[in-house]
Amino acid sequence: MSVTVTIPTPLRGFTGGADAVELAGGTVGEVIDGLLAAHGGLKRHLVQDDGRLRNFVNLYLNDTDIRHLASTETPVREGDVLTIVPSIAGGRPAVETELPKLSHAEVLRYSRHLLLPEVGVEGQRKLKAARVLTIGAGGLGSPLSLYLAAAGVGTIGIVDFDVVDLTNLQRQIVHGTSTLGKSKLESAKARLIDLNPNLKVESHEVRLSAENALEIIREYDIVVDGTDNFPTRYLVNDACVLLGKPNVYGSIFRFEGQASVFYAKEGPCYRCLYSEPPPPGLVPSCAEGGVLGVLPGIIGSIQALETIKLIIGAGDTLIGRLVLFDALKLKFRELRLRKDPECPLCGEHPTIHELIDYEAFCGIGAAPAYQGPEIVAEQLKDELSEKNDELILIDVREPHEWEIAHIGGARLIPLGQLPDRIPELDGHAEIVTYCHKGSRSMKALEILRGAGHSRVRSLAGGIDAWAARIEPGMARY
Amino acid sequence: MSLRLPGTLLAEIGRHGSAAYPAECCGALVGRSGGNGAGGKEAVRLWPAVNRRTDDPHRYLIAPDDLRRLEREVRAEGLEIVGYYHSHPDHPAVPSAYDTAHAWPWYSYLIVRIEQGQPREAASYTLDPDRPLMHSEPLEVLSEV
């Protein structure tokens, strides 16, 4: 195959002034090898020491960038034109700030790090200079902030606006029984400073939003995402890509977790993996579906590990890889992630240049959920004692929730079984459904109404409201 | 080699740098060269580029697609791209290691220092044919006739 390679002006000094060279070869790579063999002076301008093309050298086969084809493996045909096109890049040197020195006390504290050549004094000083932002001081935020603080990261910013609740302590180990009811930021800060008084904690007691995200994230080197919802996850991803920051990602559900590093400069972003959020309500949160307490300990520790590797520049990070962890099988799996050239955020022709409305993007508030008639707990108590047999009370939760507590006289029909078990119900009966807090029971109403039951109501606030106001002795969860 | 350009173009580069401050501006120098540049190069107009690096104010990038379009445009006018310019916000007009690592031979690389938003000195450089070194070249600023 004979192919024409056009030589740009700056390189003609190496081809004897020729603006085009005829070469033979079966693939782009073979043609380039032929070019370099014929004109050795081009080598240092076009390829790196390892023989790969320099990143600012672009090759177009006819009119298409070979990166959109099969790269140097792209086959060539008789008469093709291969054009070398420069990218022009540069810029002033980054401000080289002197790394902070370590005190004798710090040398002793970090001695097990200093013994590792991959960390050493320089790595430890990089950790001290580093500014890391963790989004959320919950299940993932707890272990990762503890390990980052212990490792000697100089500044940790935390974004959270919640207070410590008793249901948090099964997994959120940065908090404690003594800080119940306090703000999570205050609680985490006290624990982290106790672990390492050299640490500077910066508290951001806000809900991260499109209005404040760029301003907050801009001040940090690395962002660690410990959020539990899709709008914030997309928000964090988009802000990190727009600001050029690495985003250390983790997520957990029940017995399974995932982790990766999204860094658009060197690999894919979260949108390359999931371009669209799942429909609202499809993926339950940990509050709805539960989570094994030790699981965030494992995933959060992986996030801390990746953050430290990014800071000290050691090892192979999770950029371009997604780790999937199954706690019950105790198995790690790994998926290769590729940067999507069509990604609207970090692809070749991005269409997203600023933050958007993430609640709307994730379909939250867009289509209002079914709203049927409700009954308050006090009213239900009265009606149960009056009519008794005429009223059917259906608990639509799962059997393991029923075991924790249930209302006397109720029948257990888990929501998933309800459509098949409607024939069990008297078509004229008056029905009240309840669940934990009221949302599944509203879905049950929708199903019952669809099947022709007209006298149906849902217990407002679920069994949680019943336990709070009617049966104070009942366990709450 | 040397680079000649009218004073009005240099002033225009300064204004582009001030407007982009504290980020960097970049663009191409369009003009003529005597053959392969032995007789020096002359810029006759500027082509201010869109800086495709938005993640770091201290970097610039002119994308290959933009350059291909410009190449076609200037060839039709009987001109050529003789070099590129960019600004160094609050930093001297000397090439950084990053500039040198990404430079192409033959082209003139004109750098202007922008101090607190105001244009200061400018200087032009070319890459050593053996890399990785940039040499300063005479910059001849022509006054208006």
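These are my notebook entries on a predicted model with chains A and B.

**Entry 1: taking stock of the chains**

I started with chain A, where the secondary structure comes to 18 helices and 19 strands. Of its 477 residues, 36% are buried. I then looked at contacts in chain A with a separation of 6 or more, and residues 24 or more positions apart account for 65% of them.

Chain B came next, with three helices and nine strands. I wrote down its order from the N terminus as β-α-β-β-β-α-β-α-β-β-β-β. Buried residues are 42% of the 145 in chain B. For contacts with a separation of 6 or more in chain B, the share from residues 24 or more positions apart is 62%.

**Entry 2: the cores**

Which members of the largest nonpolar core touch the most others? I found Val132(A), Leu148(A), Val153(A), Ile156(A), Val223(A) and Cys269(A), in a core of 65 residues. I picked Leu148(A) for a closer look and set aside its neighbours within four places in sequence; Leu148(A) is then in contact with Val132(A), Val153(A), Ile156(A), Ala304(A) and Thr307(A). Apart from this core lies another, of 36 residues, including Ala43(B), Leu67(B), Ala103(B) and Val112(B). A reminder to myself: in soluble globular proteins, nonpolar side chains tend to be buried together.

**Entry 3: where the chains meet**

How many residues does each chain bring to the contact? I have 31 residues from chain B and 23 residues from chain A. On the chain B side, strand 4 (60-62), helix 2 (64-76), strand 5 (80-89) and helix 3 (97-102) each supply at least two residues. Strand 5 of chain B gives the most, with five residues. I sorted the chain B side by residue kind and got 15 nonpolar, seven polar and nine charged.

I also checked for strand pairing across the chains. Strand 6 of chain A (residues 88-90) and strand 4 of chain B run antiparallel, joined by three bridges. One pair to click on is Ile88(A), whose bridge partner in strand 4 of chain B is Ile62(B).

**Entry 4: a parallel sheet in chain A**

I followed an open sheet of five strands in chain A, in the order 15-19-18-16-17, with parallel pairing. Why do strand 15 and strand 17 of chain A each have one side without a neighbour in the sheet? Strand 15 (374-375) and strand 17 (411-412) stand at the edges and each has a single partner strand, so one side of each stays unpaired in the sheet.

Further in, I looked at strand 18 (residues 430-434) and strand 19 (residues 456-459) of chain A, which pair in the parallel sense over three bridges. Across this pair, Ile431(A) stands opposite Val456(A) in strand 19 of chain A. Helix 17 (residues 439-450) of chain A packs on the sheet and touches both strand 18 and strand 19 of chain A. I noted that the direction of helix 17 makes about 175° with that of strand 19 of chain A.

**Entry 5: helix 18 of chain A**

Which residues of helix 18 (residues 462-469) of chain A are buried? They are Gly462(A), Ile463(A) and Trp466(A). Looking down the axis of helix 18 of chain A, I see these buried residues within an arc of 125°, so they line one face of the helix.

**Entry 6: a hairpin and some backbone curiosities in chain B**

Strand 7 and strand 8 (residues 134-137) of chain B pair in the antiparallel sense over four bridges. Tyr125(B) has Ser136(B) as its bridge partner in strand 8 of chain B. The hairpin has six residues between these strands, and there Arg131(B) takes a positive phi near 45°.

I then went through the loops. Asp90(B) sits between strand 5 and helix 3 of chain B, and its phi is near 55°, a positive value in a residue other than glycine. With 16 other C-beta atoms within 10 Å, Asp90(B) is partly exposed.

Gln116(B) is in the loop between strand 6 (108-115) and strand 7 (118-127) of chain B. Its phi is also positive, near 50°. Buried or exposed, this Gln116(B)? Gln116(B) is exposed, with 10 other C-beta atoms within 10 Å. From there I turned to Tyr21(B), which is 95 residues from Gln116(B) in sequence and 7.9 Å away in space, C-alpha to C-alpha.

Tyr21(B) brought me to one last item: its peptide bond to Pro22(B) is cis, with omega near 5°. Pro22(B) lies in the loop between helix 1 (7-20) and strand 2 (26-33) of chain B.

Methods:
Residues are numbered from 1 along each chain as its sequence is written. Chains are lettered from A and ligands numbered from 1 in the order in which they are written. This is a predicted model: local features need pLDDT of at least 70, side-chain atom pairs count only at pLDDT 80 or more; totals for chains, interfaces and linings use all residues. A nonpolar core is a set of buried Ala, Val, Leu, Ile, Met, Phe, Trp, Tyr and Cys residues joined through C-beta atoms within 7 Å. A residue is buried if 20 or more other C-beta atoms lie within 10 Å of its own, exposed if 12 or fewer, and partly exposed in between; C-beta atoms are placed from the backbone. Two residues are in contact if their C-beta atoms, placed from the backbone, lie within 7 Å. Ala, Val, Leu, Ile, Met, Phe, Trp, Tyr, Cys and Pro count as nonpolar, Asp, Glu, Lys and Arg as charged, and the others, Gly among them, as polar. Two strands pair if DSSP finds at least two bridges between them. Axes are lines fitted to C-alpha atoms, for helices over the stretch in contact, and angles run from 0 to 180 degrees between N-to-C directions. The arc is that of the directions from the helix axis to the C-beta atoms.
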